[in-house]
Amino acid sequence: MKTLIFGAGRSFVEFYEFSKEFWNESKIVAILDNDEKKWGGDYYGIPITSPYDIQKYEYDVILICSAYEYEIEGQLIYELNVDKEKIDVQPDLDAMVNKVWEKMEEWGGFDIIFLCSEVQQACERFKMEFGNKVF
């Protein structure tokens, strides 16, 4: 499966670092970003380009890696004429981590067994969602 990533910021870097064992870099075609200062650069050897260059690429899915997912989805659909079925959003890893911290605060302490269990469950959810996909 050929994938375009939309978002060349912290969300992508964290997501990629967390999930790189699941990625086949040769399948990530490019990273799209609205910040023209990033165009021409790369992350992990993956070129960063303008979203308006999208027609230059063959792709099966666009994975949004940004906190601006709704705005980006609108841009893809209404400005760039991308089929909504080809758009996906990264799992919200920050929300998973925040849930762990909230539980620890609720209990008034640090429970390493709970923390390990929550992290393991988050990883299992990730594997279930993305483990079957070849990026």
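Select strands β1 (3-6) and β5 (61-64): in this predicted model the two pair in the parallel sense over 4 bridges. To find the register, display Leu4; its bridge partner in β5 is Ile62.

Next, add β6 (87-89) to the selection. β6 also runs parallel to β5, and 3 bridges join the two strands. Here the residue pair to display is Ile64 and Val89, bridge partners of β5 and β6.

Keep β5 in view and show its side chains. In a regular strand the side chains alternate between the two faces of the sheet. In β5, Val61 and Leu63 lie on one side, Ile62 and Ile64 lie on the other, and all four are buried, which leaves both faces of the strand covered.

Now select helix α2, residues 69-79. Together with β5 and β6, helix α2 makes a right-handed β-α-β unit. Which residues of α2 are buried? They are Ile72, Gln75, Leu76 and Ile77. An α-helix has 3.6 residues a turn, so residues three or four places apart point the same way. The cover over the buried residues of α2 includes β1, β5 and β6.

Continue to the end of the helix and select Asn81, in the loop between α2 and β6. Asn81 is not a glycine, yet its phi is positive, at about 55 degrees. Is Asn81 buried or exposed? Its relative accessible area of 65% makes it exposed.

A second residue invites the same inspection. Select Tyr44, in the loop between β3 (42-43) and β4. Tyr44, likewise not a glycine, has a positive phi of about 55 degrees. With a relative accessible area of 32%, Tyr44 is partly exposed.

Return to the interior and select Leu4, Phe6, Ile54, Ile62, Leu76 and Val82. Within the largest nonpolar core, which has 14 residues, these touch the most other members. At least two residues of this core come from each of β1, β2 (28-32), β5 and α2. The largest share, 3 residues, belongs to α2.

Centre the view on Ile62 and display its surroundings. Leaving aside residues up to four places away in sequence, Ile62 touches Leu4, Phe6, Ile54, Leu76, Val82, Lys86, Ile87 and Asp88. Apart from the core just visited lies another, of 11 residues. To locate this other core, select Ile5, Ile46, Leu63 and Cys65, which are among its members.

Finally, show the whole protein and colour by confidence. The mean pLDDT is 77, and 62% of the residues score at least 70. Where is confidence lowest, and where is it highest? Helix α3 (residues 93-107) has the lowest mean, 59, whereas strand β4 (residues 46-49) has the highest, 94.

With the whole chain displayed, follow the secondary structure from end to end: there are 4 helices and 6 strands, in the order β-α-β-β-β-β-α-β-α-α. Of the 135 residues, 38% are buried. Among contacts between residues at least 6 apart in sequence, 65% join residues at least 24 apart. Switching to a surface view closes the tour: the protein exposes about 8,300 Å², of which carbon and sulfur atoms supply 51%.

Definitions and conventions
Residues numbered from 1 in each chain as written. Predicted model: local features only at pLDDT ≥ 70, side-chain atom pairs only at ≥ 80, totals over all residues. Heavy atoms only, no water. Buried < 20%, exposed > 50% of the residue type's maximum accessible area, 1.4 Å probe, protein only. Contact = heavy atoms within 4.5 Å. pLDDT = per-residue confidence, 0-100. Pairing = 2+ DSSP bridges. Right-handed = clockwise from strand over helix to strand, strands pointing away. Core = buried A, V, L, I, M, F, W, Y, C linked by side-chain atoms within 4.5 Å. Areas by Shrake-Rupley, 256 points an atom, 1.4 Å probe, with all protein chains shown as cover.
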